[in-house]
Amino acid sequence: MRRPTIMDIAKAAGVSKGAVSYALNGRPGVSESTRERILTIANDLGWAPSNPARALAPGGRVGAIGMVVDRPARSLGIEPFFMQLVSGVETELSAQGVDLMLQVAEDVEAELAVYRRWAAERRVDGVVMVDLRVSDPRPEAMGVLPLPAVLLGGPEGAGGLPCLYTDDGVPMREVVHYLAAMGHRRIVRVAGPEDFVHTHSRTEAFRQAAERSGLLQARTVHADYTGEAGSRTTRRLLAEAEPPTALVYDNDLMALAGLGVAAEMGIEVPSQLSIVAWDDSALCQMVRPSLTAVSRDVVSHGRRVASMLNAVLAGQQVESEETLAGELRPRGSTGPLTV
């Protein structure tokens, strides 16, 4: 069906096109009774404003923001972190009548290409950027593009962009000291990609906490957040001559996979192996034994970063903010060594 136009409304109401424009935009020039009649007819016809047309007006907005994610597409649909993050962003945007345009990119260059296209085509009013990298080219590039951005991550490397960030060092140190206090001396952290800033921050906090606890056999290995990588890495670690007695995973999917591999290899959790997941989720609580996890209010983070971007788009001065640090929630997957 053809999209209804202002002319269609004018014909149905028996008024001029200008009168319809006054009524739809809340401007003076028509009586209240005429305005109400026009708005009713517009609603009955299913009329909606054209976002591209609105964007052409001075100070006009498209009514959408964008988010590009450089993660394996096969894991995004089942990774609770991004599901919760998008839920928070959508909750904030829907209250403002703003849409979210989500796209997956294969690497940073592809992500930048999407931003350039969005800016050239006026597809979105601004973007939420995630997964800040070491020596990340995106903040500098966004300073050139006419596309406002807010970053989830930082503050180091944010390049002057407003950012919402978390100090991951606090819960990471708590996790290491907790495991060390239960007698664990061989701890391995299965981290995400090495070039992510939050991976680097957690790695440094893990190293420092291990040193303070006198752990000589604590190290970090890297994977890609998928369950497949979690299984493969865990299987290799547990087959070593001196396998770790505790594993700390950078997300819940890898931790769940690790729990499955331990069962496959006949290793009891937690008497022989303790497991900790980063970012608590319903999945962590549903398995048996339930997974000890670092909990963060990811939905709230999504709402807040979307709110910050809306404020930027409204012309307000927006400062970077730090969220509350994650909390360690001990459950059945961790305990003292008994074997």
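# Salt bridges, helix packing and backbone in a predicted model

Visitor: What makes R133 and D70 a salt bridge?

Guide: In this predicted model, the closest N and O atoms of R133 and D70 are 2.5 Å apart. The rule asks for a side-chain nitrogen of Lys or Arg within 4 Å of a carboxyl oxygen of Asp or Glu, so this pair of an Arg and an Asp counts as a salt bridge.

Visitor: Why can R133 and D70 be said to tie parts of the chain together?

Guide: R133 belongs to the loop between β3 (126–129) and α8 (138–144), while D70 belongs to the loop between β1 (64–69) and α5 (73–76), and therefore the pair ties together parts that are 63 residues apart in sequence.

Visitor: How do you know whether R133 and D70 are buried or exposed?

Guide: Buried requires a relative accessible area under 20%. R133 has 5% and counts as buried, and D70, with 16%, also counts as buried.

Visitor: What is found around D131, and why is D131 called buried or exposed?

Guide: D131 is placed in the loop between β3 and α8, and because its relative accessible area is 6%, set against the limit of 20%, D131 is called buried. Leaving aside residues up to four places away in sequence, D131 touches D70, R71, F82, D136, R138, L152, F196 and H198.

Visitor: What makes E111 and R138 a salt bridge, and which elements do these residues lie in?

Guide: Their closest N and O atoms are 2.6 Å apart, and since the cut-off is within 4 Å, the pair of E111 and R138 meets the rule. E111 lies in helix α7 (residues 108–121) and R138 in helix α8, so parts that are 27 residues apart in sequence are tied together. With 1% relative accessibility, E111 counts as buried, and R138, with 0%, counts as buried as well.

Visitor: Why are E321 and R304 called buried, partly exposed or exposed?

Guide: The side chains of E321 and R304 meet in a salt bridge with an N to O distance of 2.5 Å. E321 lies in strand β11 (residues 321–322) and R304 in helix α14 (residues 298–313), and so the pair ties together parts that are 17 residues apart in sequence. Partly exposed is the class between under 20% and over 50%; E321 at 26% therefore counts as partly exposed, and R304 at 32% falls into that class too.

Visitor: Which residues do salt bridges that share partners join into one network, and how many salt bridges does the count come to?

Guide: The network joins D168, R189, R202, D250, D279 and R296. By the rule, the count comes to 19 salt bridges.

Visitor: Why is α1 called parallel, perpendicular or oblique to α3?

Guide: Helix α1 (residues 6–13) packs on helix α3 (residues 32–45) at an angle of about 120°, with the axes 10 Å apart. Roughly perpendicular covers 65 to 115 degrees and roughly antiparallel begins over 145, so an angle of about 120° makes α1 oblique to α3. In handedness, α1 passes α3 in a right-handed crossing.

Visitor: What makes the contact of α1 with α3, and how do its residues divide?

Guide: From α1 come D8, I9, A12 and A13, and from α3 come R37, I38, I41, A42 and L45. These residues divide into seven nonpolar, no polar and two charged.

Visitor: How do you know whether the bonds joining V269 to P270 and R288 to P289 are cis or trans?

Guide: The bond that joins V269 and P270 is a cis peptide bond, with omega about 10°, and P270 is found in the loop between α12 (252–264) and β9 (274–278). From R288 to P289 the peptide bond is cis, with omega near 0°, and P289 has its place in the loop between α13 (282–286) and β10 (292–295).

Visitor: What is phi of R122 and of Y225, and where are these residues placed?

Guide: Phi of R122 is near 55°, a positive value in a residue other than glycine, and R122 is found in the loop between α7 and β3. Y225, which is not a glycine either, has a positive phi of about 80° and is placed in the loop between β7 (217–222) and α11 (227–238). R122, at 38% relative accessibility, counts as partly exposed, whereas Y225, at 2%, counts as buried.

How values were computed: Residues numbered from 1 in each chain as written. Predicted model: local features only at pLDDT ≥ 70, side-chain atom pairs only at ≥ 80, totals over all residues. Heavy atoms only, no water. Helix = DSSP H or I, 4+ residues; strand = E, 2+ residues; numbered from the N terminus. Buried < 20%, exposed > 50% of the residue type's maximum accessible area, 1.4 Å probe, protein only. Axes fitted to C-alpha atoms, helices over the stretch in contact; angles between N-to-C directions. Parallel < 35°, antiparallel > 145°, perpendicular 65-115°, else oblique. Left-handed = near helix turned anticlockwise from the far one by under 90°. Contact = heavy atoms within 4.5 Å. Nonpolar A, V, L, I, M, F, W, Y, C, P; charged D, E, K, R; others polar.
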